Amino acid sequence: ANIDKGPYAHYMLKEIYEQPGVISETLEGRIHKGRLLEASFGHETTALLDKTKHVQIVACGTSYHAGLVAKYWLEEVGVGCSVEVASEYRYRKVVVPEGSLLITISQSGETADTLAALRDSCSKGYIGSLTVCNVPESSLVRESDVCFMTRAGTEIGVASTKAFTTQLVALRLLMIALARRKGLTPEEEETMVNELHSLPRQVEVVLELADKIQIMAEDFSDKHNALFLGRGAFYPVAMEGALKLKEISYIHAEAYPAGELKHGPLALVDETMPVVCALPDDPLLEKVLSNLQEVRARGGELFLFSDHKVNIGLDRYQSLTLADIYPGTAPIVYSIPLQLLAYHVALLKGTDVDQPRNLAKSVTVE
Ligand code: G6P
């Protein structure tokens, strides 16, 4: 592609820094004065959402992680949601609950497995298909009943960044639309919309932490493994953080729901195993903290990203302070430092950040 990297060393870094702008773009014309502008979705989409009782999300890679975050959001407002990677979904027998909407999520709109899942869905009894996609003229957009475009612009780095966060923004807007149908009050809606509205600024603030994260990255460059922990919607955020690290730095990274630590991965923890964790100020905080105590007790080094309201009684190795985080959009905010961490580790390791070995930007064959 004929796109300039500008002052950035890599497309990935440029794309990370584009996030405040493309998140604004994705919100443009879709929210106004504390309200979701549903008319902007188009009549066909709103008619489909009226009939939606359950959602099945199908996607691959990073887009799958966006779907997993959305599951936490949708179920919170009373909409049942299942999420599956397309390569599995397409080859198994599925039971489709009544009133199910198929949602595919894809940056490229050309991922072979996701497209195949959509094509097969016609015979499975869905009320319709919606794609959250970044490329307007793509196959998924053409073949889905309706689409909801992210506006991340062209993404060149193989490791997806801005496509992911704009997918989350789009999914949050869809969540608000579905929540309206479940009795969301205007006050609650205003809160959710305002949270989205302040997101670009929050992301800008987080990006200012890059220097600190760069220092953190130095502790990873000689490591062979890393563990990413999270709970609730931050579990998929951890999965995405681990994926970023393995994709571009070639360090083996695994994400675990923090509560599962004691059922296996704790056996791996020692001073050679950095443990990364997003630690938002939420109802599961105390539980995550006790999980982290277990890591610390076994000599594991903690790399925490936390909220300024969180008072951590751990001798944490590194911590970052992010201000003003709202629970609804926090998964988006906390994804940013993990992207920066992966980028800086890869930079220190001297890998090909934009074009990691063996990987393709878009997997158009099975
Ligand atoms: C490839 C890319 C990933 C991407 C995945 C799904 O594996 O390297 O970055 O998340 O495909 O692609 P899609 O275009 O469907 O989001």
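## A guided tour of the helices, ligand shell and selected loops

Begin by selecting helix α4 (residues 61-76) and helix α8 (residues 162-180) in this predicted model: their axes come within 9 Å and cross at roughly 30°. Two packed helices are described by the angle between their axes and the distance between the axes. Angles under 35 degrees count as roughly parallel, and α4 and α8 are therefore roughly parallel to each other. The crossing of α4 over α8 is right-handed.

Next, display the side chains where these two helices meet. On α4, select Thr62, Ser63, Ala66, Val69, Ala70, Trp73 and Leu74. Their counterparts on α8 are Phe164, Gln167, Leu168, Leu171, Arg172, Met175 and Leu178. Coloured by character, the residues of this contact divide into 10 nonpolar, three polar and one charged. An α-helix has 3.6 residues a turn, so residues three or four places apart point the same way.

**The ligand**

Keep α4 visible and select the ligand. How many residues surround the ligand? The shell holds 15 residues, and the closest are Gly61, Thr62, Ser106, Ser108 and Thr111. Helix α4 supplies the largest share of this shell, with three residues. Thr62 thus appears twice on the tour: it is among the closest residues to the ligand, and it also takes part in the contact of α4 with α8. By character, the shell divides into four nonpolar, 10 polar and one charged.

**Helix α2**

Return to α8 and add helix α2 (residues 19-27). The axes of α2 and α8 are 9 Å apart, and the two helices pack at an angle of about 30°. That angle makes α2 roughly parallel to α8, and α2 passes α8 in a right-handed crossing. To view the contact, select Gln19, Val22, Ile23, Thr26 and Leu27 of α2 together with Lys162, Thr165, Thr166, Val169 and Ala170 of α8. These residues divide into five nonpolar, four polar and one charged.

Now select the buried residues of α2, which are Gln19, Pro20, Val22, Ile23, Thr26 and Leu27. Against which elements do the buried residues of α2 pack? Besides α8, the partners are α1 (11-17), β1 (31-32), α9 (186-197), α10 (199-207) and α14 (330-349). Then step just past the end of α2 to Gly29, where phi is positive, at about 75°.

**Two loop residues with positive phi**

Most residues other than glycine have a negative phi, and most peptide bonds are trans. Select Lys33, in the loop between β1 and β2 (35-36). Lys33 is not a glycine, yet its phi is positive, about 45°. Is Lys33 buried or exposed? Lys33 counts as exposed because it has 9 C-beta neighbours inside 10 Å, and the limit for that class is 12 or fewer.

Move on to Tyr250, in the loop between α12 (234-249) and β9 (252-257). Tyr250 is another residue other than glycine with a positive phi, near 65°. With 16 C-beta neighbours inside 10 Å, Tyr250 counts as partly exposed.

**Strand β11**

The last stop is Leu304, in strand β11 (residues 302-307). Leu304 is buried because 22 other C-beta atoms lie within 10 Å, where 20 or more are required. Finally, select Val276 alongside Leu304: these residues are 28 residues apart along the chain, and their C-alpha atoms are separated by 5.8 Å.

Conventions:
Residues are numbered from 1 along each chain as its sequence is written. This is a predicted model: local features need pLDDT of at least 70, side-chain atom pairs count only at pLDDT 80 or more; totals for chains, interfaces and linings use all residues. A residue is near a molecule or strand if its C-beta atom, placed from the backbone, lies within 6 Å of it. Helices (H or I, at least four residues) and strands (E, at least two) are DSSP runs, numbered from the N terminus. Ala, Val, Leu, Ile, Met, Phe, Trp, Tyr, Cys and Pro count as nonpolar, Asp, Glu, Lys and Arg as charged, and the others, Gly among them, as polar. Axes are lines fitted to C-alpha atoms, for helices over the stretch in contact, and angles run from 0 to 180 degrees between N-to-C directions. Angles under 35 degrees count as roughly parallel, over 145 as roughly antiparallel, 65 to 115 as roughly perpendicular and the rest as oblique. A crossing is left-handed if the near helix is turned anticlockwise from the far one by less than a right angle, and right-handed if clockwise. Two residues are in contact if their C-beta atoms, placed from the backbone, lie within 7 Å.
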